[in-house]
Amino acid sequence: MGTFVISKRYNGDYKFVYATRKGKTIFTSIPCKHKLDCELMIAGIKENMLLFAFTKVKKAANQHFFRLSKDGLVLAHSRKFSTELMLEKGIKEIITYAAK
């Protein structure tokens, strides 16, 4: 089961990451000015995962990643995956365990 972790960036903004049960980061959020903004975004993801879109992207160097967005606003970027299968597993983990 994965977990959300909120932390502060060097410039004073906040971010959150979703990490697997083994501690590997799956995605990182956009910068937020306040910690409460991160908490509200996490609550929204947990409550309404079906309202969010996963946009898959493939880079030229055979790197795969996704963007998590809602209503056209990108809220998070995933880490780079080496294969499309690993990308699918990352998305499946979020859908399965983020709400728990």
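Reader: Which residue in β5 is the bridge partner of K56?

Author: In this predicted model, β4 and β5 pair in the antiparallel sense, and 6 bridges hold that pairing together on paper. One of these strands, β4, covers residues 53–58, and the other, β5, covers residues 64–70. For K56, the bridge partner in β5 is F66.

Reader: Which residue in the turn between β4 and β5 has a positive phi?

Author: The strands β4 and β5 form a hairpin with 5 residues between them. Most residues other than glycine have a negative phi. In the loop between β4 and β5 there is a residue that departs from this habit, with a positive phi of about 60° although it is not a glycine, and that residue is N62.

Reader: Is N62 buried, partly exposed or exposed?

Author: The cut-offs place a residue under 20% relative accessible area among the buried and one over 50% among the exposed, with partly exposed in between. The relative accessibility of N62 is 41%, and therefore N62 counts as partly exposed.

Reader: What is the phi of D71, and where does D71 lie?

Author: The strands β5 and β6 form a hairpin with 2 residues between them, and D71 is in the turn. D71 is exposed, with a relative accessible area of 76%. The place of D71 is in the loop between β5 and β6, and its phi, a positive value in a residue other than glycine, is near 55°.

Reader: Which residue of β6 is the bridge partner of R67?

Author: The strands β5 and β6 run antiparallel and are joined by 4 bridges. Among the bridge partners, K70 is matched in β6 by L73. For R67 the bridge partner in β6 is H77.

Reader: Which residue of β6 is the bridge partner of T28?

Author: Strand β3, residues 25–29, is joined by 3 bridges to strand β6, residues 73–78, and the two run antiparallel. The bridge partner of T28 in β6 is H77.

Reader: Why is β5 described as largely enclosed by the rest of the structure?

Author: In the sheet order, β5 stands between β6 and β4. Strand β5 is largely enclosed because, of its 7 residues, the number that are buried is 5.

Reader: Which strands stand at the edges of the sheet?

Author: The open sheet has 6 strands with antiparallel pairing, in the order β1-β2-β3-β6-β5-β4. Two of the strands have a single partner strand each, so one side of each is left without a neighbour in the sheet, and these are β1 and β4.

Reader: What is the average twist from one strand to the next?

Author: The strands that twist against one another are those of the open sheet with the order β1-β2-β3-β6-β5-β4. From one strand to the next, the twist averages 25°.

Reader: Which residue in β2 is the bridge partner of I6?

Author: Strand β1 is joined by 6 bridges to β2, residues 14–19, and the two run antiparallel. In β2, the residue bridged to I6 is F16.

Reader: Which helix gives the largest share of the lining of the largest pocket?

Author: The largest pocket holds about 320 Å³ of space, and its lining divides into 4 nonpolar, 3 polar and 7 charged residues. The largest share of that lining, 7 residues, comes from residues 84–97, which form helix α2.

Reader: Is T20, which lies in the loop between β2 and β3, buried or exposed?

Author: Among the residues nearest the centre of the largest pocket are T20, I26 and E93. Leaving aside neighbours within four places in sequence, T20 is in contact with M1, G2, I26 and E93. Its relative accessibility is 15%, and therefore T20 counts as buried.

Note on methods
Residues are numbered from 1 along each chain as its sequence is written. This is a predicted model: local features need pLDDT of at least 70, side-chain atom pairs count only at pLDDT 80 or more; totals for chains, interfaces and linings use all residues. Side-chain values use heavy atoms; hydrogens and water are left out. Two strands pair if DSSP finds at least two bridges between them. Axes are lines fitted to C-alpha atoms, for helices over the stretch in contact, and angles run from 0 to 180 degrees between N-to-C directions. On a 1 Å grid over the protein atoms alone, a cavity is a set of points where a 1.4 Å probe fits but cannot get out, and a pocket is an open set with protein on both sides within 12 Å along at least five of seven lines; lining residues have an atom within 4 Å of a point. Grid points are joined across faces, edges and corners, and a volume is the space filled by probe spheres set on the points. Ala, Val, Leu, Ile, Met, Phe, Trp, Tyr, Cys and Pro count as nonpolar, Asp, Glu, Lys and Arg as charged, and the others, Gly among them, as polar. Buried means under 20% relative accessible area, exposed over 50%, partly exposed in between (1.4 Å probe, protein chains only). Contact means heavy atoms within 4.5 Å.
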